[in-house]
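Colleague: Please take me through this one at an easy pace. I would like the cut-offs along the way.

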Amino acid sequence: QNFSSSTLNYTYKTEANSIKIAATANSSRAKITGTGTKTVNYGTNTYSIVVKAEDGTSKTYKITVTRPDNRETINTLESLSIDGYTITPTFNQNTKEYSLTVENNIESVKINASKTSAKSSFVSGFGPREQKLNYGENKVYVKVQSENEQINIYTITIKRKDNRRNVCNRLRRKRL
């Protein structure tokens, strides 16, 4: 698009993650702001170039730059399991909630997970790991982030049986 001082709005499309905006005023006494190297995010980006004349009047040029987001959107798991246990229901990449019950002496479990796409990633701290368990209900999350930064969350509710109260109650009853 060719520049004309009477045209205030310009639109461009780019695949680049940055652009350089340069402008020259008609008068050496005018001041220009908004030029330089600009980051171009995915989607629509708007930049304002303001030309301020010596008498204080100004003219604003608006530059709209669109960067299409062609990054992959896959953020699913190929598999999800826990060593030595069977989660319910059976794993399906479209099912987001699972459950499991373990005995009271199980202090941790090993969570195994693999991503459907090599371009996706696990959110830090929410991928395959050894997971410590508290007594009672434990919500465990596996989070997969697509290349375009969308996050998908799988939840495993692990119930660790708690027989501690039963032992205390039996001891109390014996003392009475």
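**Charged pairs, sheets and a pocket**

Colleague: Are Arg29 and Glu54 buried or exposed?

Modeller: Relative accessible area sorts residues into buried (under 20%), exposed (over 50%) and partly exposed in between, using a 1.4 Å probe and protein chains only. By that scale Arg29 and Glu54 are both exposed.

Colleague: What kind of model is this, and how is it numbered?

Modeller: The model is predicted, so local features need pLDDT of at least 70 and side-chain atom pairs count only at pLDDT 80 or more, while totals for chains, interfaces and linings use all residues. Side-chain values use heavy atoms, with hydrogens and water left out, and residues are numbered along each chain as its sequence is written, from 1.

Colleague: Back to the charges, then: how many residues apart in sequence are the parts that Arg29 and Glu54 tie together?

Modeller: A salt bridge here is a side-chain nitrogen of Lys or Arg within 4 Å of a carboxyl oxygen of Asp or Glu. Arg29 and Glu54 satisfy that at 3.6 Å, N to O. Arg29 sits in the loop between β2 and β3, and Glu54 in the loop between β5 and β6, so the parts they tie together are separated in sequence by 25 residues. Strands are DSSP runs of E with at least two residues, helices are runs of H or I with at least four, and the numbering starts from the N terminus.

Colleague: Which loop holds Lys161, the salt-bridge partner of Glu103?

Modeller: The closest N and O atoms of Glu103 and Lys161 are 3.0 Å apart. This pair ties together parts 58 residues apart in sequence, because Glu103 belongs to the loop between β8 and β9 and Lys161 to the one between β13 and α1.

Colleague: How exposed are those two, Glu103 and Lys161?

Modeller: Glu103 has a relative accessible area of 41%, so it is partly exposed. Lys161, with its 32%, also counts as partly exposed.

Colleague: Which residue joins Asp69 and Arg71 in a network of salt bridges?

Modeller: Asp69 and Arg71 bring their closest N and O atoms to 2.9 Å. Asp69 is partly exposed at 35%, whereas Arg71 is buried at 16%. The network that links these two also takes in Glu149.

Colleague: What is unusual to look at in the backbone of Glu149, and what is its phi?

Modeller: Glu149 is in the loop between β12 and β13, and it is exposed with a relative accessible area of 51%. Its phi is positive although the residue is not glycine, with a value near 75°.

Colleague: Which proline follows a cis peptide bond?

Modeller: The bond starts at Thr88 and has omega near -10°. In the loop between β7 and β8, the residue on its far side is Pro89.

Colleague: On to the sheets: what is the average turn between neighbouring strands of the β7-β9-β11 sheet?

Modeller: Strands pair if DSSP finds at least two bridges between them. The three strands make an open antiparallel sheet. β7 and β11 are the edges, each with a single partner, so each has one side without a neighbour in the sheet. With axes fitted to C-alpha atoms and angles between N-to-C directions running from 0 to 180 degrees, but direction ignored here, neighbours are turned on average by 25°.

Colleague: Which residue of β11 is the bridge partner of Ile111?

Modeller: β9 and β11 run antiparallel and are joined by four bridges. Opposite Ile111, the partner in β11 is Arg129.

Colleague: How many bridges pair β5 with β6?

Modeller: The open four-strand sheet has the order β1-β6-β5-β3 and mixed pairing. Its edge strands, β1 and β3, pair on one side only. β5 and β6 pair in the antiparallel sense, and the bridges between them number ten.

Colleague: Which element gives the largest share of the lining of the largest pocket?

Modeller: On a 1 Å grid over the protein atoms alone, a pocket is an open set of points where a 1.4 Å probe fits, with protein on both sides within 12 Å along at least five of seven lines; lining residues have an atom within 4 Å of a point. The 26 lining residues include Phe3, Val51 and Tyr61, which are among those nearest the centre. β1, β2, β5 and β6 each supply at least two of the lining residues. The largest share, five residues, belongs to β6.
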